Amino acid sequence: MFLGGEYMRLHYELEEDADISAYPRIEPENNQDEFHYLRVNSKYLQIPFGFKYRFIPDKGFRPYLGLGAIARKPIKTDLNYEFLGNSLEYYINRTYTGETFSINSLRGEAGFEYSLSKKWNFYLEGTYDHDFRKSEYDFEPIKYFNIKTGILYEF
């Protein structure tokens, strides 16, 4: 079984040719001004939980697979819209904050542990998170892959 706590930050830009229909629509100051880009900066707290299965639990090399879910709470999402006018560029900013945790993602894990000594282990793990629904102020579903490595101590 696994249970954890994570802080996640996403930062990206969407250019004028990108589909921004998932985000709140902001009108420019002048109807003739053109949208240039949207900068998104989001912060989240996450609590992943689930189960891992170790294929060879008593050996030095222990591969495993895991499956679980993630309770996520959006802390803050900043949306910065840039518009181009006749002679200048200007920005319109919006900030959104979330209230509660919601379980809206699945997590798959694959990795291995390797015994360095009786109590110390090395691990390498790949995880994939996939949103199956949006929570409050999650304008786009979060889908990402990450790789973790480290040293574990068993008590």
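1. How many residues lie between β6 and β7 in the hairpin that they form? In this predicted model, four residues separate the two strands of that hairpin. The pairing of β6 with strand β7, which spans residues 120–131, is antiparallel and comprises 11 bridges, and one position in it can be checked directly, since Ala110 has Gly126 of β7 as its bridge partner.

2. Strand β6 also pairs with β4 (residues 61–84), again in the antiparallel sense, and here 12 bridges join the two strands. Two positions give the register of this pairing: Arg72 stands opposite Ser102 in β6, and Ile70 has Ser105 of β6 as its bridge partner.

3. Strand β4 takes part in two hairpins that deserve a look in the viewer. With β3 it forms a hairpin in which six residues lie between the strands, and the antiparallel pairing of β3 and β4 extends over 20 bridges, with Ser42 opposite Thr77 in β4. With β5 it forms a hairpin that has four residues between the strands, and eight bridges hold the antiparallel pairing of β4 and β5, where Leu84 is partnered by Glu89 in β5.

4. The largest nonpolar core consists of 12 residues, among them Leu14, Ile26, Leu79, Tyr81, Phe83 and Phe139. Strands β3, β4 and β5 (89–96) each contribute at least two residues to this core. Leu79 may serve as an entry point for inspecting the packing: leaving out residues up to four places away in sequence, Leu79 touches Tyr23, Pro24, Leu38, Arg39, Val40, Ile92, Asn93, Arg94, Tyr96 and Phe139. Within that list of contacts, Tyr23, Leu38, Val40, Ile92, Tyr96 and Phe139 are themselves members of the largest nonpolar core.

5. The largest pocket encloses about 250 Å³ of space. Its lining is made up of 14 residues, of which Phe2, Leu3, Lys52, Glu109 and Lys148 are the closest to the pocket centre. By class, the lining residues comprise eight charged, four nonpolar and two polar. Three strands, β1 (2–3), β3 (34–54) and β6 (102–115), each supply at least two residues of this lining.

6. Strand β8 (residues 143–153) includes Gly150, and Ile147 lies in β8 as well. Is Gly150 buried or exposed? Gly150 counts as buried because its relative accessible area of 17% falls under the 20% limit. Ile147, by contrast, is classed as exposed, because its relative accessibility of 60% is over the 50% limit.

7. The contacts of these two β8 residues can be set side by side, with neighbours up to four places away in sequence excluded in each case. Gly150 is in contact with Asn121, Phe122 and Tyr123, whereas Ile147 touches Leu124, Glu125 and Gly126. Gly126 is also the residue that bridges to Ala110 in the pairing of β6 with β7.

8. Two C-alpha separations may help to place these β8 residues within the fold. Gly150 and Pro24 are 126 residues apart in sequence, and their C-alpha atoms lie 40 Å apart in space; Pro24 is one of the residues that Leu79 touches. For Ile147 and Pro74, which are 73 residues apart along the chain, the C-alpha atoms are separated by 22 Å.

Conventions:
Residues are numbered from 1 along each chain as its sequence is written. This is a predicted model: local features need pLDDT of at least 70, side-chain atom pairs count only at pLDDT 80 or more; totals for chains, interfaces and linings use all residues. Side-chain values use heavy atoms; hydrogens and water are left out. On a 1 Å grid over the protein atoms alone, a cavity is a set of points where a 1.4 Å probe fits but cannot get out, and a pocket is an open set with protein on both sides within 12 Å along at least five of seven lines; lining residues have an atom within 4 Å of a point. Grid points are joined across faces, edges and corners, and a volume is the space filled by probe spheres set on the points. Ala, Val, Leu, Ile, Met, Phe, Trp, Tyr, Cys and Pro count as nonpolar, Asp, Glu, Lys and Arg as charged, and the others, Gly among them, as polar. Two strands pair if DSSP finds at least two bridges between them. A nonpolar core is a set of buried Ala, Val, Leu, Ile, Met, Phe, Trp, Tyr and Cys residues joined through side-chain atoms within 4.5 Å. Buried means under 20% relative accessible area, exposed over 50%, partly exposed in between (1.4 Å probe, protein chains only). Contact means heavy atoms within 4.5 Å.
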